[in-house]
Amino acid sequence: MTALAEPTYSARVLLPSPEATGQLARKIAEHLVPGDIILVEGPIGAGKSHFCRAAIRHLLAKEGRDEEVPSPTFTLVQTYELGSMEVWHADLYRLTDPAQTWELGLSEAFEEAVVFIEWPERLGESTPKSALRLKLSPADDADSRVAILSATDPRWRHLLVSVSPRAGARDDG
């Protein structure tokens, strides 16, 4: 007997500009609650940090805060205290072993905070299955990107439908 594959919900969005990437980030940020994890994948220069920073700036702005949101490339993790939640932004590019991710305190953050992870493949087998995956890829011109969003947790289905330019998110289940 073969095991049934978990259903996959997905959406493909063409992002013609960095501004469009920021709009997608803000739209997704509107739906986030503690315990939500966004895994942001893509090659160097794909817009991973731009996406995460736009989402975090949006969450801060909702509280009337206009703050610099630096990339965590060298600090590995940046955290933001918001009234109703904590937001973590981690860039795992420089890590060499999945065990190092737990030294950063990510396991606790996964349960209690909204967490954006760049270079999530560094998590190895510890990658949260309930996460929303966002893969950014260069498109036809220098400013355009293609975003592929996917999740196995049905919690994300409504969001994927709302960001999809088509009639609905694909359900591969």
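## Glu41 and its partner

Glu41 is buried, because its relative accessibility is 17% and the cut-off for buried is under 20%. Keep in mind that this is a predicted model. Glu41 pairs up with Arg133 in a salt bridge, and their closest N and O atoms sit 2.3 Å apart. This pair ties together distant parts of the chain: Glu41 belongs to strand β2 and Arg133 to strand β6 (residues 132–138), 92 residues apart. Arg133 itself is partly exposed, at 33% relative accessibility.

What lets such pairs form? Side chains of opposite charge can pair when their charged atoms come close.

## More salt bridges

How many salt bridges are there? The count comes to seven. One of them joins the side chains of Lys62 and Glu30, at 3.6 Å from N to O. Here, too, distant parts of the chain are linked: Lys62 is in the loop between α2 (48–61) and β3 (77–81), while Glu30 is in the loop between α1 and β2 (37–41), 32 residues apart. Glu30 is partly exposed, with a relative accessible area of 42%.

Then there's Glu121 with Arg122, whose side chains meet in a salt bridge at 3.5 Å, N to O. Glu121 is partly exposed at 45% relative accessible area, and Arg122 is partly exposed at 23%. Elsewhere, Glu63, Arg65 and Glu67 are joined into one network by salt bridges that share partners.

## A look at Thr21

Is Thr21 buried or exposed? Thr21 is buried, with a relative accessible area of just 4%. You'll find Thr21 in helix α1 (residues 18–29). Leaving aside residues up to four places away in sequence, Thr21 touches Leu15, His50 and Phe51.

Note on methods:
Residues are numbered from 1 along each chain as its sequence is written. This is a predicted model: local features need pLDDT of at least 70, side-chain atom pairs count only at pLDDT 80 or more; totals for chains, interfaces and linings use all residues. Side-chain values use heavy atoms; hydrogens and water are left out. Helices (H or I, at least four residues) and strands (E, at least two) are DSSP runs, numbered from the N terminus. Buried means under 20% relative accessible area, exposed over 50%, partly exposed in between (1.4 Å probe, protein chains only). Contact means heavy atoms within 4.5 Å. A salt bridge is a side-chain nitrogen of Lys or Arg within 4 Å of a carboxyl oxygen of Asp or Glu.
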